[in-house]
Each structure stands twice: as structure tokens, then as C-alpha cells.
Amino acid sequence: EHFRPSVSCQAGEHAWCETYLNQTFVVRAYPQQQFALCGIKITGRPYDTSGKLLVLLTPKSMDISALLLWCRKILALLPEDSREPPEQPQGGRPAPPRPSRKNMRGPWG
């Protein structure tokens, strides 16, 4: 996993990297890096694709069935997630707030 991943590829190619949640990416034109095309922030793990997220830049006229076929081919070429699953459950509900005078109701609490 990379803290500041950087990937570049030519038209018709694909590249991949591993990263953290809440990582922000800027998609730029290649080789002219001064043109930002869009930004992406990964806020959750996409479980439908085993944690893989594809970002494709395609012509507007591209057929959707050809696009889906291309996505399936790319997903098949990507390696499996090599990270070990967490030993303890992640997240969960936070603890309730401690009682204070603001939480009391009436003169008896």
C-alpha cells in the first residue's frame, strides 16, 4: 500500500495500485499533467468487486456492453488482495456519553 500512489498509462492500457480508504486521487491528462480531468476519493471498500475500484476514461460514444466486457477483463487480470483480514472487528458503535449535569432531567437527575 502506498501513502501517495502515482500511476500513469497510455490510451488502451491499464495500471493499478493498492491504497488506503479516504485516499484522494486526481486524474490528469497524460503527458500534460497540468490538466486535471477529475478527482476521486475512495470512502468505502467496494465489496461487489472484492475491494477493487476501476476508473475508466472512455469516449462518450463507447458501447456499454463493450465497456462492461473491458471491465471484466481488467478485473480478471488484477491480483488478489494480499492484505490479511483484520484480527478484530473494525468500527462499531461508539460508547455512550458520560453522564453530566447537561444530561440530567429535572431536579432528581
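This note goes through the predicted model point by point, from the chain as a whole to single residues.

1. Overall make-up. The protein chain of this predicted model holds one helix and two strands, and from the N terminus on these elements follow the order β-β-α. Of its 109 residues, 10% count as buried. The chain exposes about 10,100 Å², and carbon and sulfur atoms supply 54% of that area.

2. Contacts along the chain. Among the contacts in the protein chain with a separation of 6 or more, 21% are accounted for by residues that stand 24 or more positions apart. Two pairs of residues, taken up in points 3 and 7, give examples of spacing in sequence and in space.

3. Serine 6. This residue belongs to the segment before β1, the strand that covers 24-28. Serine 6 has a relative accessible area of 71%, and because the cut-off for exposed is over 50%, serine 6 is classed as exposed. Its C-alpha atom is 9.6 Å from that of valine 26, although serine 6 and valine 26 are 20 residues apart in sequence.

4. The helix and its length. Helix α1 comprises the 14 residues 64-77, and at 1.5 Å a residue it should span 20 Å; the C-alpha atoms at its ends are 20 Å apart, so the expected span and the modelled one agree.

5. The two sides of the helix. The buried residues of α1 are Leu67, Cys71 and Ile74. These residues lie on the same side of α1, because they cover an arc of only 65 degrees around the axis. As background, an α-helix has 3.6 residues a turn, so residues three or four places apart point the same way. On the face of α1 turned away from the buried side, the exposed residues are Arg72 and Ala76.

6. Cysteines. Cysteine 17 is partly exposed, with a relative accessible area of 26%, whereas cysteine 71 is buried, with a relative accessible area of 16%. A disulfide is a covalent bond between the sulfur atoms of two cysteines. With a cut-off of 2.5 Å between cysteine sulfur atoms, the count of disulfides in the model comes to zero.

7. Lysine 52 and leucine 75. Lysine 52 is placed in the loop between β2 (36-41) and α1, and leucine 75 is in helix α1. Lysine 52 has a relative accessible area of 15%, and because buried means under 20%, this lysine counts as buried. Leucine 75, at 28% relative accessibility, counts as partly exposed. Leaving aside neighbours within four places in sequence, lysine 52 is in contact with Pro46, Leu75, Leu78, Pro79, Glu80 and Asp81. A polar atom of the lysine 52 side chain also lies 3.5 Å from the backbone oxygen of proline 79. Seen from the helix, and again not counting residues up to four places away in sequence, leucine 75 touches Thr49, Lys52 and Leu54. The C-alpha atoms of leucine 75 and leucine 53 are separated by 9.2 Å, with their positions 22 residues apart along the chain.

How values were computed
Residues are numbered from 1 along each chain as its sequence is written. This is a predicted model: local features need pLDDT of at least 70, side-chain atom pairs count only at pLDDT 80 or more; totals for chains, interfaces and linings use all residues. Side-chain values use heavy atoms; hydrogens and water are left out. Helices (H or I, at least four residues) and strands (E, at least two) are DSSP runs, numbered from the N terminus. Buried means under 20% relative accessible area, exposed over 50%, partly exposed in between (1.4 Å probe, protein chains only). Contact means heavy atoms within 4.5 Å. Accessible areas come from the Shrake-Rupley method with a 1.4 Å probe; for residues, only the protein chains shown count as cover. The expected span of a helix is 1.5 Å times one less than its number of residues. The arc is that of the directions from the helix axis to the C-beta atoms. A polar contact is a pair of N or O atoms within 3.5 Å; within protein, one must be able to donate a hydrogen and the other to accept it, and residues adjacent in sequence count only if both atoms are side-chain atoms.
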